[in-house]
Amino acid sequence: MPLMSQVQAAANVDGKRISQANEEPGNWMSHGRDYSEQRFSPLVQINKETVGDLGLSWSYQFDSTRGLEATPLVIDGTLYVTGSWSVVYAFDAVTGELKWIFDPQINKGEVGPKICCDAVNRGVAAWDGKIFVGTLDGRLIAIDAETGQQKWSTQTTEKDKYYSITGAPRVVKGKVLIGNGGAEFGVRGYFSAYDADSGKMLWRFYTVPDNPANETDPTMIEISKTWSGEWWKLGGGGTAWDSMAYDPDLDLLYVGVGNGSPWNRELRSDGKGDNLFLSSIVAVRPDTGEYVWHYQTTPGEEWDYTAAQHMILADIEVNGKTRKVIMQAPKNGFFYVLDRQTGEFISAENYVTVNWADGVDAKTGRPNIKPEARYSSAAQPFLALPSPFGGHNWQPMSFNPQTGLVYLPTREMAFPYIPDGDFKAKNLTVNLGVSLLAASMPEDPAVRKAIKAATKGRLVAWDPVAQKEVWGVDMPVPWNGGTLSTAGGLLFQGNAKGNFVAYDAKTGEQKWSFFSQTGIVAAPMTYSVNGEQYVAVMAGWGGAVPLVVGELVSEAVKTNTNRLLVFKLGGDKTLPTLEAKPRQLNLPEMTASAEEVEQGKALYHTFCVSCHGDGAVSGGVVPDLRYASADTFGFWEAIVVNGLKAKNGMASFKSVLSVGQADAIKAYVIKRGYDLQNAQASASDTQ
């Protein structure tokens with residue numbers, strides 16, 4: 001690693017430094033450490049023999065209580081990271097001294113309804129003295145790495161549409177690359193390249209076609225043949241909201257593409273066609289955005305089986321021959337190994353239980369989709385494994401070239417896809433074409449208990465050559481953190497129970513653990529300064545599963561205490577003692593009729609479920625409405641209809657809900673509060 005005195009400017013990063021990251025093992029200069037996205041560190045000071053001496057070196061507590069998903073960068077002694085609401089922080093990587101904060105001033109009331117999966121951000125990119133962040137409101141911003149002052153800002157999305165950015169940018173050859181999210185709301189996906197010096201857009205690659213009558217791009221004209229009907233009226237989807245990787249030798253940029261909009265293919269494309277480039281890995285030339293190849297993991301996707309999950313580049317031996325591969329474990333439950341030069345299918349096997357397909361055809365590389373899984377065409381429910389949350393989601397994997405294993409967090413989780421027979425696209429809510437009301441958790445406690453028992457998480461060590469699990473660790477909660485593997489023989493992961501754990505990378509034996517006081521979903525990273533190695537992780541509970549299905553993550557540690565934690569050998573710092581904050585029900589008298597409660601239930605599962613949780617059961621990220629204060633119940637109309645709490649992200653729903661409808665939702669929430677009260681009383685009586 002260069003001496004800091006030799007560095008002329010902060011974050012003086014370029015393509016050569018990122019490509020030759022192993023020559024500077026103390027730095028972590030790109031989202032996945034280098035362009036290959038392996039998330040493997042050559043550092044060995046912290047290893048299987050010494051990890052028992054690992055302790056907290058310093059920490060920083062954030063103001064926001066929303067989820068933390070970022071991987072920090074460390075460049076020449078400075079740590080850069082994002083918190084909730086796209087805020088960027090710079091710290092002295094040794095002492096934890098805060099150097100600067102950049103707050104993009106997100107309009108939370110305006111942006112809150114446009115984000116499906118929490119007010120999160122997965123990190124920054126660095127290049128030539130600048131730090132780049134994509135914001136929840138669709139801006140790409142360049143920040144002076146030394147001062148924290150804005151250099152330029154570019155609006156990458158149409159502000160009147162339901163786009164957002166949660167993913168980390170990448171920089172290749174002086175071009176800042178960024179995609180976006182929003183497919184659940186009805187948008188057309190794309191990713192773009194911007195000049196790192198000026199912010200000028202250089203090219204844009206659309207991931208689904210527009211109306212063929214308006215298309216002039218040959219690639220879009222060709223893929224429009226895989227669509228039917230008038231898909232463009234509902235957006236089409238295909239947002240590139242997270243994963244990218246780059247091969248400097250092949251000069252290929254790889255981008256993972258998301259789900260269709262709406263999910264229901266009958267509504268989106270008359271139930272026909274593969275619908276490219278949904279659920280695909282797309283390879284393009286970074287200079288021009290020129291299409292090179294694609295591979296589609298889920299043709300005609302209609303289960304939210306995105307291929308936006310983390311991709312890893314590696315050279316592995318396949319059938320006695322070294323192959324340049326790209327590996328991915330997308331949501332659909334199959335682990336894929338492809339030739340990264342050509343996109344040729346090499347192998348795929350399921351890494352979790354899969355029931356929507358009978359494997360992947362070895363010759364065609366296409367999944368053998370079961371007819372009954374096509375719920376939209378069959379016009380009947382299908383209970384699918386995996387669920388829309390995926391067998392694996394955005395949480396980064398890691399690849400250890402020494403063990404030859406990929407380490408990924410997985411989940412066993414089912415979901416009933418039930419067509420929405422009365423579908424009409426709406427504002428201020430997701431537009432899926434499936435009924436979240438019909439798919440909601442039953443109110444029968446015994447059924448809910450059985451569903452919860454069948455839902456679990458697992459840390460898996462996967463052999464990508466043999467396509468099989470080598471070892472695994474069961475987790476009681478299905479939503480856990482990403483992974484980091486090191487040359488010290490260790491694998492690091494945080495989990496929903498609040499434990500940050502080091503495992504033996506070969507065997508899965510637990511070697512060390514630290515209680516972080518909150519569930520962890522982010523991926524760790526490691527760095528060194530002046531010969532001393534550190535391990536860092538963002539600890540802050542949040543994300544899609546806690547927002548939507550709170551009851552299934554009830555065992556998670558959810559204290560809304562969000563921190564950056566940094567460890568070193570001999571670290572002796574401790575966290576402040578947590579103060580218990582018991583919750584108390586403050587339920588008004590139940591005066592609504594059964595009919596009004598049922599109306600409220602339907603409206604709740606249309607407009608409220610994606611933030612406040614199925615059945616009004618929160619997963620600990622935003623308030624559990626059953627425990628609302630007397631003031632909240634008293635000012636319900638002002639909050640829900642008039643936007644009293646818009647500054648906190650709770651938008652006004654005046655455009656879609658009347659006062660009477662808002663009251664019906666309140667009646668349903670109160671009813672669910674009394675359900676909880678009765679359950680607590682019953683449990684107390686049996687003790």
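Does E69 count as buried or exposed, and at what relative accessibility? In this predicted model, E69 has a relative accessibility of 3%, and because buried means under 20%, E69 counts as buried.

**The chain as a whole**

The protein chain contains 12 helices and 39 strands. Its radius of gyration is 24 Å, close to the 26 Å that the globule rule gives for 687 residues, so the chain is as compact as a globular protein of that length. Along the principal axes, the C-alpha trace spans about 70 × 60 × 50 Å. Of the 687 residues, 63% are buried, and of the contacts with a separation of 6 or more, 62% join residues that lie 24 or more positions apart. The chain exposes about 24,900 Å², of which carbon and sulfur atoms supply 47%. As for charge, there are 62 positive and 75 negative charges, and their mean positions are 0 Å apart.

**The surroundings of E69**

E69 is found in the loop that runs between β2 (54-61) and β3 (73-75). When residues up to four places away in sequence are left aside, E69 touches V120, N121, R122, W394, V521, A522 and G543. Two of these neighbours also take part in polar contacts with the side chain of E69: the side chain of R122, at 3.0 Å, and the side chain of W394, at 3.5 Å.

**The surroundings of W471**

W471 belongs to strand β32, which covers residues 468-475, and with a relative accessibility of 7% this residue also counts as buried, because the cut-off for that class is under 20%. Residues touched by W471, again without those up to four places away in sequence, include L405, Y407, L459, V460, A461 and L491, together with the run D504, A505, K506, T507 and G508. Y407 stands 64 residues from W471 along the chain, while the C-alpha atoms of the two are separated by 9.7 Å. The side chain of W471 reaches the backbone oxygen of A505 at 3.2 Å, and the backbone oxygen of K506 likewise lies 3.2 Å from a polar atom of that side chain.

The polar distances for both residues are collected below.

| Side chain | Partner | Distance |
|---|---|---|
| E69 | R122, side chain | 3.0 Å |
| E69 | W394, side chain | 3.5 Å |
| W471 | A505, backbone oxygen | 3.2 Å |
| W471 | K506, backbone oxygen | 3.2 Å |

Technical notes. Residues numbered from 1 in each chain as written. Predicted model: local features only at pLDDT ≥ 70, side-chain atom pairs only at ≥ 80, totals over all residues. Heavy atoms only, no water. Helix = DSSP H or I, 4+ residues; strand = E, 2+ residues; numbered from the N terminus. Rg over C-alpha atoms; globule rule 2.2 N^0.38 Å. Buried < 20%, exposed > 50% of the residue type's maximum accessible area, 1.4 Å probe, protein only. Contact = heavy atoms within 4.5 Å. Areas by Shrake-Rupley, 256 points an atom, 1.4 Å probe, with all protein chains shown as cover. Lys, Arg positive; Asp, Glu negative; His and termini not counted. Charge placed at Lys NZ, Arg CZ, Asp CG, Glu CD. Polar contact = N/O pair within 3.5 Å; in protein donor to acceptor, adjacent residues only side chain to side chain.
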